[in-house]
Structure formats: structure tokens, C-alpha cells
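Biologist: Before I rely on any label attached to this chain, I would like each one set against the rule that produced it. Could we go through them in turn?

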Amino acid sequence: QVQLVESGGGSVQAGGSLRLSCAASGVSYSTYYMGWFRQAPGKKREGVAILDAGGGTSHADSVKGRFTISQDNAETTLYLQMDSLKPEDTAMYYCAAAGWGDMDYVRRFEPNKYKYWGQGTQVTVSS
């Protein structure tokens with residue numbers, strides 16, 4: 001059974017940093033896509049960063065150069081290092097997973113392609 005538990009959210013000033021963690025069980029990173037998504041009030045959930053089943057990483061244009069997705073060597077924790085945070089990064093951040101057989105690579109940023117979700121962790125960036 002897949003379980004995802006996020007942590008690390010909080011409140012920071014613009015320009016600050018946070019590192020989100022996602023404790024994952026029941027997944028193998030070699031056969032799952034793992035991703036970070038976010039949803040701001042009144043907005044649709046959007047993909048932020050993806051770790052694909054081949055170990056490659058992708059980042060949304062809005063966070064490229066500021067956010068970095070990574071995993072630990074034991075493949076039990078997914079991270080999102082967030083630097084140079086902006087007020088527009090304020091959102092609930094979610095960790096998600098999908099089996100590689102259920103995923104189209106070109107659609108990897110689409111939330112509806114992911115079956116498993118964590119409960120989310122809030123990130124608030126003040127100006």
C-alpha cells in the first residue's frame with residue numbers, strides 16, 4: 001500500500017528557503033513517477049517538479065532555477081528544495097505518485113495522472 005506523508009512547510013519571507021520532505025512507503029522509485037504539486041486558493045492544482053521512473057527530473061518553468069526535486073539514496077524520502085521563494089509560491093504543496101505503467105511522459109505534470117497523494121503541507125511566503 002502506498003503512503004505519502006509531507007512535512008517541512010511553514011511561513012517564510014520572500015527570498016527565503018524551505019525544504020519539503022515526503023516520506024514514501026510502498027513505492028519503488030524505479031517503477032513510479034514521483035512529483036510535487038501545489039494548489040493556491042482559488043486556483044487549479046499544478047505540477048511543480050517531477051522525478052520520473054528513469055531518475056530524470058523536470059521542473060515547471062515558474063520554479064526552474066529556484067526549486068530542486070531530489071530523493072535520498074534509500075529511496076524512502078522525496079525532497080523539494082525551494083530557494084528564492086516568492087509570494088506567488090504560497091500554496092498547499094502535495095507529494096504524489098503514479099506507477100510508470102499509468103503514466104505518459106508528456107503528461108507527467110498533470111495532476112489527474114497521479115493515483116496516490118499525501119495530505120499536503122502549507123507554504124506561505126510573505127513580501
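What follows is a conversation about the labels and the rules behind them.

Modeller: This is a predicted model, in which local features need pLDDT of at least 70 and side-chain atom pairs count only at pLDDT 80 or more, while totals for chains, interfaces and linings use all residues. Residues are numbered from 1 along each chain as its sequence is written, and side-chain values use heavy atoms, with hydrogens and water left out.

Biologist: What makes strand 7 and strand 8 a pair?

Modeller: Strands are DSSP runs of E with at least two residues, numbered from the N terminus, as helices are for runs of H or I with at least four, and two strands pair if DSSP finds at least two bridges between them. Strand 7 (67-71) and strand 8 (residues 77-82) are joined by 5 bridges and run antiparallel, so the rule of at least two bridges is met. Among the partners, Thr 68 is bridged to Gln 81 in strand 8, and Phe 67 stands opposite Met 82 in strand 8. The two strands form a hairpin with 5 residues between them, and Glu 75 in the turn has a positive phi of about 55 degrees.

Biologist: Which order do the strands of the open sheet take, and which strands are its edges?

Modeller: The sheet has 4 strands in the order 1-3-8-7, with antiparallel pairing. Strand 1 (3-7) and strand 7 are the edge strands, since each pairs on one side only. Strand 3 and strand 8 pair over 6 bridges in the antiparallel sense, and Leu 20 has Leu 80 of strand 8 as its bridge partner.

Biologist: Why is strand 8 described as largely enclosed?

Modeller: Buried means under 20% relative accessible area, exposed means over 50%, and partly exposed lies in between, with a 1.4 Å probe and protein chains only. In strand 8, 5 of the 6 residues are buried, so the strand is largely enclosed by the rest of the structure. The count is 5 of 6 for strand 5 (residues 46-51) too, and therefore that strand is also largely enclosed.

Biologist: Why is Glu 46 called partly exposed, and Arg 66 buried?

Modeller: Glu 46 is partly exposed because its relative accessible area is 36%, whereas Arg 66 has 10% and is therefore buried. Glu 46 is in strand 5, where it is the bridge partner of Arg 38. Arg 66 lies in the loop between strand 6 and strand 7.

Biologist: How do you know that the side chain of Glu 46 makes a polar contact with that of Arg 38?

Modeller: A polar contact is a pair of N or O atoms within 3.5 Å; within protein, one must be able to donate a hydrogen and the other to accept it, and residues adjacent in sequence count only if both atoms are side-chain atoms. The side chains of Glu 46 and Arg 38 make such a contact at 2.7 Å, a value within the cut-off of 3.5 Å. For Arg 66, a polar atom of the side chain lies 2.9 Å from the backbone oxygen of Ser 84.

Biologist: What makes Cys 22 and Cys 95 a disulfide?

Modeller: A disulfide is a pair of cysteine sulfur atoms within 2.5 Å, and the S to S distance for Cys 22 and Cys 95 is 2.2 Å, so the pair qualifies. The link is left-handed, with -75 degrees about the S-S bond. Cys 22 in strand 3 and Cys 95 in strand 9 are 73 residues apart, so to speak in distant parts of the chain. Both cysteines are buried, and a search of the whole structure finds 1 disulfide.

Biologist: What is meant by the largest nonpolar core, and which residues have the most contacts inside it?

Modeller: A nonpolar core is a set of buried Ala, Val, Leu, Ile, Met, Phe, Trp, Tyr and Cys residues joined through side-chain atoms within 4.5 Å. The largest has 30 residues, and those with the most contacts inside it are Met 34, Trp 36, Leu 78, Leu 80, Met 82 and Tyr 93. Apart from this core lies another, of 8 residues, including Phe 37 and Ile 50. In soluble globular proteins, nonpolar side chains tend to be buried together.
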